[in-house]
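Me: Please take a close look at a single part of this model. What is the volume of the second largest pocket, and which residues line it?

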Amino acid sequence: GGPGFLRLRMGIGKPRSGSGANYVLSTFSSDERISMSAVLDRAVAMVEACIDQGLAKTMNHFHALPAAL
């Protein structure tokens, strides 16, 4: 990537304890697996909005909405 590319960033939260690397590389918990569908739906909506409406409008819209997760 570089300045010529847009990117969609998704946060993973922080470990309750232990290593960040182990947290990132661990399998999803059952609660996390349940929420993945909503996370991916939101990501798809963001990409589609960016294509249809442009980056600035998409960022303003989605950054104003709570993630609800």
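Reply: The second largest pocket has a volume of about 160 Å³ (the space filled by probe spheres set on grid points joined across faces, edges and corners). A pocket here is an open set of points on a 1 Å grid over the protein atoms alone where a 1.4 Å probe fits, with protein on both sides within 12 Å along at least five of seven lines; lining residues have an atom within 4 Å of a point. The model is predicted: local features need pLDDT of at least 70 and side-chain atom pairs 80 or more, while totals for chains, interfaces and linings use all residues. Residues are numbered from 1 along each chain as its sequence is written, and side-chain values use heavy atoms, without hydrogens or water.

The lining consists of Lys14, Pro15, Arg16, Tyr23, Ser29, Asp31 and Glu32. Four of these residues are charged (Asp, Glu, Lys, Arg), two are nonpolar, Pro and Tyr being in that class, and one is polar.

The chain around this pocket has three helices and zero strands, in the order α-α-α from the N terminus; helices are DSSP runs of H or I with at least four residues, strands runs of E with at least two. With a radius of gyration of 15 Å over C-alpha atoms, against 11 Å from the globule rule for 69 residues (2.2 Å times the number of residues to the power 0.38), the chain is more spread out than a compact globule. Along the principal axes, its C-alpha atoms fill a box of roughly 40 × 30 × 15 Å.
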